[in-house]
Each structure stands twice: as C-alpha cells, then as structure tokens.
Amino acid sequence: MRLFSDVSASITDPYLRRAFQLAERGRGTTAPNPIVGCVVVEDGEIAGEGHHERAGGPHAEVRALEAAGKRAHGATVYVTLEPCAHHGLTPPCTDALRAAGVGEVVIGMPDPTVQASGGASVLKEAGIAVAFAPDPAPFEELNAAWLTRVATGLPWVQAKVATTLDGKVALAEGVRTVITGGESARLTMRLRAAADAVCVGVGTAAVDDPALTVRGADGRDVERQPLRIVLARDTVDLSPRLFTDGRGPVAIVCHEGACTDDLPEGIELIEYAGADGLHGALAGIARAGVDRLFVEPGPRLLTALWDAALIDEFVHIQAGGMGGLEAPGMYSGVRGNAGEILMSDVYALESGIAGSDSVTVWRPRQRRFTSARREGR
C-alpha cells in the first residue's frame, strides 16, 4: 500500500489491474492469509469479480465465479495469486475453476508456499490454459507482508516516527509532545487501518498513553480494530488506558514467565524466550496471526529495530520547528548500524505532503523474501 502513488498503475493488463484493486479491499482483514483479487471476463466484458475478505471465508476465485454464474464457462479468469490446490479452511480454488469450466487463468504471481503452490500445474493438467503476468513485482508488493512472514516467520514491519526538522521526537525526555498536524494524524489512521496489529514499546505506552485505535473522520473508532500490542521485556505497567478501555483487542509481548501475574481479562499474552531477543518477540507476534505489523516506536525501540535490520518500511513524518539540544532524538544508537545503512542500504520509495508536514517513506534495498518465479509453473 503506497501513500502517495498507485502500484497498480504499472500493471499493463487492465483486468489484472482490476484484480489488484479488488485485492486491496481485503487489506487488514485476511491475515494470516494473503490478500487476493479475481476477475472473470467473458467476451471482453467483466462477468464477475471478487476478493478474499477474511481468513476462513471464500477465496477471491470462488467469489468471482459465483458472481459470474454460467458466464464463467469458457471465460478467462484473472487472479493476483496462483490459485491454491490444497484443502485448507476452504476447498481448493483449482476445483472451483475446473468445475466452472473456465477456459484460461491469468495469474499475477506464483504461490511460493509448499502447501498451496502447484495450482497452475493442476489447471494445465485439466486442459485449462495458464499464463503468468510478465512482471510479478506489483503483486509481490501487494502481498509483501504475507510473503515476508512465509519466508522468515516474522511479520513485515512498518515503523512510523514523527519528528521536528532537527530529528527530535519530543521537546523533553519523558514528556508527550504533539509534533505534527491533523493531516498527519489522518495518515496515521490509514496506516493503522492497513495493519493486522499496531505496536508500541512499554515506555511509549507509559509516557504517551496512546489508544492505538483506528478512528474515522468523525473521531469515532471504526468497527474493525487491529490488535494493539505493547512490547516489553518483563514487567508491564497496566495503567495505560488501552489495557482497560475495551476499544479493541490487546496483547502484551514479553519474556516467558515475566508477565503472567494478574493480567486483566481480555489481554492476550505472547511470550518469547529472552535469549531470542527482538527476533523472538516478532516471531511470537507472527505466530499470533500477524502479517503486517505497524510500529509507532520511541527512540529505544526504533534503534533496536533499525540496528537489527527488521524494518521493512520506515515512514518519517517531519514537521516544522526545531527541538534543540535537550530534546530527545529518534535514534539513540552510536553509528547507525556500523554507519553503512545510512547511505547504501535504504532508499526513499516515495514522498509527499500531509497538511503542513512532509512525509518520506524509506525501504531497505534488500527485502526479506525471495522474488516469485514463473518457471515450471
């Protein structure tokens, strides 16, 4: 999901582009499944379309075929991800495509998982023509979070930090400071809404007392709320409002055996071995069904994530004004991961303006999953 541009604009096939746009409707609701869109085309007209709405629900292909009805027979189906060929929570999509008698299936990218891959071969064996998009990159970006978890066992991590012009996150240590304006706050709501979980460190939870909810233009909480996570090591102060406000699911992530006493009802506990460090914490979050993790870190957590090369996308919102020498900066490390990551290992993906604030989105050049391949599919 881009903030200021449209990845689907690079897809030359209009029906695959439409399938991509449909898939985006499932953003934030399908984990641990991928987001998928599908279009059924008969005689140059869209006969049916659909997207995967939630894990355990009908897949995009089934939705689109149901919408197309009898018109699916002999039609061309466009789908963003290779149809599954296994029995999971739902039957194989390849079975539905064969039963509908479709003539051809055009696929955005192969499914890289051992469990679900092979759908293209099954369709070919059934006499259905299969073609892959010439460039899988847009479809990989569509499902970057899912691909990252599948490849690494860790969630795709998006971190957002707001600073002054001189890189300060507050005007004084331990004091909550509102730095950016209303448009940046609305952008933050967009980022939260796209995530499976929103995470802060225990220090930020104590100082800022954030709600971490997704709120609409009217300021009210929207119906679907991501999991709210407080990342700790041992003890956790339970006074922040998110532990008791009932405005959405909450989890505490901490060392094994450290946070088991007297947790209020409704708080999920995710434990990890202390020796596994931040990787262990993120692995526990992924096992809880989180593909896309949105982190709003303080300097300590940002530094730990940055130095461990665990940030897949960094959103930097910069407001006018200076914090000064006494104000805390966003990064508390010594040399920025040996000084190398500052120049060569990240690039600015896009930038834009949110009200009176500037926004730059950074990504590492080396992503944490392997590019999809079409050979042999």
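Mentor: Let us begin with a rule: a residue is called buried when its relative accessible area is under 20%, exposed when it is over 50%, and partly exposed in between, with a 1.4 Å probe and protein chains only. The model in front of you is a predicted one, in which local features need pLDDT of at least 70 and side-chain atom pairs count only at pLDDT 80 or more, while totals for chains, interfaces and linings use all residues. Residues are numbered from 1 along each chain as its sequence is written, and side-chain values use heavy atoms, with hydrogens and water left out.

Trainee: Why is alanine 309 called partly exposed?

Mentor: The relative accessible area of alanine 309 is 48%, and because the middle class lies between the 20% and 50% limits, partly exposed is the word that applies.

Trainee: What makes the phi of alanine 309 worth pointing out, and where is the residue found?

Mentor: Alanine 309 has a positive phi of about 55 degrees although it is not a glycine. Most residues other than glycine have a negative phi. Alanine 309 is found in the loop between helix 10 (299-307) and strand 12, where helices (H or I, at least four residues) and strands (E, at least two) are DSSP runs numbered from the N terminus.

Trainee: Which phi does leucine 212 have, and how do you know that leucine 212 counts as buried?

Mentor: Leucine 212, which is not a glycine either, has a positive phi of about 60 degrees, and its place is the loop between helix 8 (202-208) and strand 8 (227-231). Its relative accessibility is 1%, and because the limit for buried is under 20%, leucine 212 falls into that class.

Trainee: What follows helix 9, and what is the sign of the phi there?

Mentor: Glycine 289 follows helix 9, and its phi is positive, near 100 degrees.

Trainee: What makes helix 9 mostly covered?

Mentor: Helix 9 spans residues 277-287, and eight of its 11 residues are buried; among them are Leu278, Leu282 and Ile285.

Trainee: How do you know that the peptide bond between alanine 31 and proline 32 is cis?

Mentor: The omega of the bond that joins alanine 31 and proline 32 is about 5 degrees, and the bond is a cis one. Most peptide bonds are trans. Proline 32 lies in the loop between helix 1 and strand 1.

Trainee: Why is threonine 188 called buried, and what does it touch?

Mentor: Threonine 188 lies in helix 7 (residues 182-194), and its relative accessible area is 7%, so by the limit of under 20% it is buried. Leaving aside residues up to four places away in sequence, threonine 188 touches Lys160, Phe294 and Glu296, where a contact means heavy atoms within 4.5 Å.

Trainee: What makes strand 6 mostly covered?

Mentor: In strand 6 (residues 156-163), eight of its eight residues are buried. On one side these are Trp156, Gln158, Lys160 and Ala162, and on the other Val157, Ala159, Val161 and Thr163.

Trainee: How do you know that strand 6 pairs with strand 11 and strand 12?

Mentor: Two strands pair if DSSP finds at least two bridges between them. Four bridges join strand 6 to strand 11 (residues 292-295) and six join it to strand 12 (residues 313-318), so both meet that rule. Strand 6 runs parallel to strand 11 and also to strand 12. Alanine 159 stands opposite valine 295 in strand 11, and its bridge partner in strand 12 is phenylalanine 314.

Trainee: What makes strand 2 and strand 5 edge strands?

Mentor: Five strands form an open sheet in the order 2-1-3-4-5, with mixed pairing. Strand 2 (45-51) and strand 5 (129-132) each pair on one side only, and they are the edge strands. Strand 1 (residues 37-42) pairs with strand 2 in the antiparallel sense over six bridges, and valine 41 stands opposite isoleucine 46 of strand 2. Strand 4 and strand 5 pair in the parallel sense over four bridges, with phenylalanine 132 in strand 5 as the bridge partner of isoleucine 107.

Trainee: How do the side chains point along strand 5, and which are buried?

Mentor: They alternate: Val130 and Phe132 point to one face and are buried, whereas Ala129 and Ala131 point to the other and are not. In a regular strand the side chains alternate between the two faces of the sheet.
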